[in-house]
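This report describes selected features of a protein model, with attention to its charged pairs, its sheet and its cysteines. The sequence and structure are shown first.

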Amino acid sequence: MNLICGIDEAGRGPLAGPVTAAAVILPNDFKVELLRDSKKLSPKKRLELSDLILKTCFFGIGWAFPEEIDELNIHNATLKAMERAYQNLISEYAGDFFIENGIEVIVDGVHIPDIPEKNTRAEIKADDRFPPVMAASILAKTARDLMMERYGRLYPEYEYPKHKGYPTKLHSELLKKWGPPPIQRKSFNIPR
């Protein structure tokens, strides 16, 4: 039986912080009816499900930070984060077992990261149709949101817990007031 690994990302659109990806394989007894696309869940529900996924599933998380986003562009940095998430999953959970049993990889979107699995496909709106991708969506979004809350402690004047680096009115006002912080994506249009 082939295992199914879902891969998704969070954080392509913000002006600050990393793009984050997750790769998840659900155990056979996981209650998939609990899952949804992360964008359709409240922050509280996402956090509850993220805790459940972390405790019961095989997973890997990958990051691409602002310097890489500026160097590679957001598209390539996203694929790099996805590749890292997949490699972290494989290296953490006995890659030989997965390789012997075969993995089907489903990536949300239209592009496939550079991973060695032959049975890999990209699916538009996979985060709304395939439970492992839904789980990856939840894990990536929660991990990125928690990272932005940590950045909020380093740079409190930017109020990252409120907007997570997305181009909101508040974020634009704070950038105008304080200028760009070290976690700003310099290749993105920054409000002036």
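A salt bridge is taken here as a side-chain nitrogen of Lys or Arg within 4 Å of a carboxyl oxygen of Asp or Glu. The model is predicted, and side-chain atom pairs count only at pLDDT 80 or more.

## Salt bridges

Across the whole structure, the search returns 13 salt bridges. Three of them are listed below.

| Pair | Closest N to O distance |
|---|---|
| Arg46 and Asp145 | 3.8 Å |
| Lys80 and Glu83 | 3.7 Å |
| Arg121 and Glu104 | 2.2 Å |

The pair of Arg46 and Asp145 joins two helices: Arg46 belongs to helix H1 (residues 43-56) and Asp145 to helix H5 (residues 131-154), so the contact ties together parts that are 99 residues apart in sequence. Both Arg46 and Asp145 are buried.

Arg121 and Glu104 also link distant parts of the chain, since Arg121 is in strand S5 (residues 120-123) and Glu104 in strand S4 (residues 103-108), 17 residues apart. Through salt bridges that share partners, Glu104, Arg121, Glu123 and Arg129 form one network. Within this network, Glu104 counts as buried at 16% relative accessibility, whereas Arg121 counts as partly exposed at 28%. The cut-off for buried is under 20% relative accessible area, with exposed set at over 50% and partly exposed in between.

The salt bridge between Lys80 and Glu83 lies within a single helix. These residues are 3 apart in helix H3 (residues 74-92), so about one helical turn separates them. An α-helix has 3.6 residues a turn, so residues three or four places apart point the same way. Lys80 is partly exposed, with a relative accessibility of 28%, while Glu83 is among the buried residues of H3.

## Helix H3

The length of H3 can be checked against its residue count. At 1.5 Å a residue, its 19 residues should span 27 Å, and the end C-alpha atoms are 26 Å apart, which agrees. At the N-terminal end, Asn73 acts as a cap: one of its side-chain oxygens lies 3.0 Å from the backbone nitrogen of His75. The buried residues of H3 include Ile74, Ala77, Leu79, Met82, Tyr86, Leu89 and Ile90.

## The sheet

The strands S3-S2-S1-S4-S5, in this order, make up an open sheet of 5 strands with mixed pairing. Strand S3 (58-64) and S5 stand at the edges and have a single partner strand each, so one side of each is left without a neighbour in the sheet. From one strand to the next, the twist averages 20°. Strands of a sheet pair through backbone hydrogen bonds, either parallel or antiparallel.

S4 is parallel to strand S1 (residues 3-10), to which 5 bridges join it. In this pairing, Ile7 stands opposite Val107 of S4. S4 and S5 also run parallel, joined by 4 bridges, and Ile106 stands opposite Arg121 of S5. The residue Arg121 is thus placed both in the pairing of S4 with S5 and in a salt bridge with Glu104.

How many of the residues of S4 are buried? The count is 6 of 6, which makes the strand mostly covered. Both of its faces are covered, with Ile103, Val105 and Val107 buried on one side and Glu104, Ile106 and Asp108 buried on the other.

## Cysteines

Why is Cys5 not bonded to Cys57? The sulfur of Cys5 is 11 Å from that of Cys57, its closest cysteine sulfur, which is too far for a bond. A disulfide requires a pair of cysteine sulfur atoms within 2.5 Å, and by this rule the count is 0 disulfides. Cys57 is likewise in no disulfide. Cys5 is buried, with a relative accessible area of 0%, and Cys57 also counts as buried, at 5% relative accessibility.

## A loop position

Lys40 is located in the loop between strand S2 (19-25) and H1. Is Lys40 buried or exposed? Lys40 has a relative accessible area of 54% and is exposed. Its C-alpha atom is separated by 17 Å from that of Gly109, a residue 69 positions away along the chain.

Terms used. Residues are numbered from 1 along each chain as its sequence is written. This is a predicted model: local features need pLDDT of at least 70, side-chain atom pairs count only at pLDDT 80 or more; totals for chains, interfaces and linings use all residues. Side-chain values use heavy atoms; hydrogens and water are left out. Buried means under 20% relative accessible area, exposed over 50%, partly exposed in between (1.4 Å probe, protein chains only). Two strands pair if DSSP finds at least two bridges between them. The expected span of a helix is 1.5 Å times one less than its number of residues. A polar contact is a pair of N or O atoms within 3.5 Å; within protein, one must be able to donate a hydrogen and the other to accept it, and residues adjacent in sequence count only if both atoms are side-chain atoms. Axes are lines fitted to C-alpha atoms, for helices over the stretch in contact, and angles run from 0 to 180 degrees between N-to-C directions.
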